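Dear colleague,

I am passing on to you the structure that we spoke of handing over, together with its sequence. Please look it over before reading on, and keep it open beside the notes below.

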Amino acid sequence: MIDRLRRPAYTGANRCWPCTAVNLALLAVAVLAASRSRPGLGAALGVVGGGLIWFRGYLVPYTPRFAPRLVAALPGEFFGHDAPSDTLGDVDPDEADGEAILRSLVDADAVTAAEERLVLTDDFATAWRERMEALSGAADARLVAAASEGSEAVASARVEDTGSETFLVVTGADGGTSWLRRPVAIAELAALRTLGEIGFPAAERELAAHAVCAFLETCPDCGGDVVEQALSDCCGHTVPDAGTDPPQVLACENCGVAFYQFE
């Protein structure tokens with residue numbers, strides 16, 4: 001029963017402390033209000049609500065959309081927020097050099113210039129799309145196998161269901177862990193295989209697989225349009241400092257999953 005309640009993507013090392021703090025504060029208000037008339041109800045509410053926050057990360061729906069900004073508006077630095085990774089690129093311990101990766105993609109004929117902008121070549125785009133279509137209908141075990149077989153930087157992989165979302169949890173050889181939402185896993189694993197088929201350098205494939213997601217037009221999982229928009233939630237993403245605009249990302253209009261964050 002307890003295992004069914006757990007949401008590892010939002011607890012443990014992945015816990016968002018602003019989300020937790022706001023939920024605990026709201027729970028405390030509810031417990032105090034209930035205890036005035038019915039002490040037993042207040043106590044029960046505290047136990048159940050506290051347990052859910054502990055095991056699931058937060059209690060109030062849509063908390064990741066408002067809690068970090070609410071806490072960030074307070075004076076002082078109360079909480080840090082190290083967002084869990086959502087890309088295979090972070091499994092590779094090497095520091096990313098965006099320009100070098102782009103040059104390698106051009107040299108490999110995966111990316112080309114067209115009308116003063118960069119686009120995927122037709123051959124690469126077609127092959128990548130086919131790989132995504134194959135993985136989109138695959139069982140979770142196939143995603144795990146694709147991660148383990150497609151990257152030398154991956155030590156292990158597993159699937160975690162956290163209620164409304166499915167994550168591919170990838171652990172690198174250096175011990176670092178990335179939590180990839182299923183649509184991101186489909187896109188990056190398909191890109192990883194396509195890059196391997198064209199002989200792209202193995203040492204750069206994880207970073208390049210993430211980079212090509214900047215050219216994604218439709219979500220490989222739900223089929224929604226992928227458009228540039230402001231990031232609307234915190235969990236699994238980087239939260240901007242107080243007083244700054246949320247980062248721009250490429251995200252699905254339908255399911256809301258972000259595939260690429262612009263620097």
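What follows is an account of what was found in it, going from the whole chain to one helix, one residue and one cavity.

Please bear in mind throughout that this is a predicted model. The chain contains nine helices and eight strands, and of its 263 residues 42% are buried. Among the contacts in the chain with a separation of 6 or more, 60% are made by residues 24 or more positions apart. The chain exposes about 14,000 Å², of which carbon and sulfur atoms supply 52%.

The helix I would look at first is α5, which runs over residues 98-107 and whose buried residues are Ala 100, Ile 101, Ser 104 and Leu 105. Viewed down the axis of α5, these buried residues fall within an arc of 140°, so they line one face of the helix. The general background is that an α-helix has 3.6 residues a turn, so residues three or four places apart point the same way. On the face of α5 turned away from the buried side sit the exposed residues Gly 98, Glu 99 and Asp 107, while the buried residues of α5 pack against β1 (111-114), α8 (182-197) and α9 (205-211). After α5 comes Asp 109, which has a positive phi, near 65°.

Helix α8, one of those packing partners, is also where Thr 194 lies. Is Thr 194 buried or exposed? Its relative accessibility is 1%, and Thr 194 therefore counts as buried, the cut-off being under 20%. A polar atom of the Thr 194 side chain lies 2.8 Å from the backbone oxygen of Ala 190. Leaving aside residues up to four places away in sequence, Thr 194 touches Phe 124, Ala 127, Trp 128 and Arg 131.

Lastly, the structure holds two cavities of 30 Å³ or more, and the second largest cavity has about 30 Å³ of space. The residues that line the second largest cavity are Leu 143, Val 159, Thr 166, Phe 167, Leu 168, Leu 180, Arg 182 and Ala 185. Two elements, β4 (166-172) and α8, give two or more residues to that lining, and the largest share, three residues, comes from β4. Helix α8 thus appears in each part of this account: it packs against the buried residues of α5, it holds Thr 194, and it contributes to the lining of the second largest cavity.

With best wishes

Note on methods:
Residues are numbered from 1 along each chain as its sequence is written. This is a predicted model: local features need pLDDT of at least 70, side-chain atom pairs count only at pLDDT 80 or more; totals for chains, interfaces and linings use all residues. Side-chain values use heavy atoms; hydrogens and water are left out. Helices (H or I, at least four residues) and strands (E, at least two) are DSSP runs, numbered from the N terminus. Buried means under 20% relative accessible area, exposed over 50%, partly exposed in between (1.4 Å probe, protein chains only). Contact means heavy atoms within 4.5 Å. Accessible areas come from the Shrake-Rupley method with a 1.4 Å probe; for residues, only the protein chains shown count as cover. The arc is that of the directions from the helix axis to the C-beta atoms. A polar contact is a pair of N or O atoms within 3.5 Å; within protein, one must be able to donate a hydrogen and the other to accept it, and residues adjacent in sequence count only if both atoms are side-chain atoms. On a 1 Å grid over the protein atoms alone, a cavity is a set of points where a 1.4 Å probe fits but cannot get out, and a pocket is an open set with protein on both sides within 12 Å along at least five of seven lines; lining residues have an atom within 4 Å of a point. Grid points are joined across faces, edges and corners, and a volume is the space filled by probe spheres set on the points.
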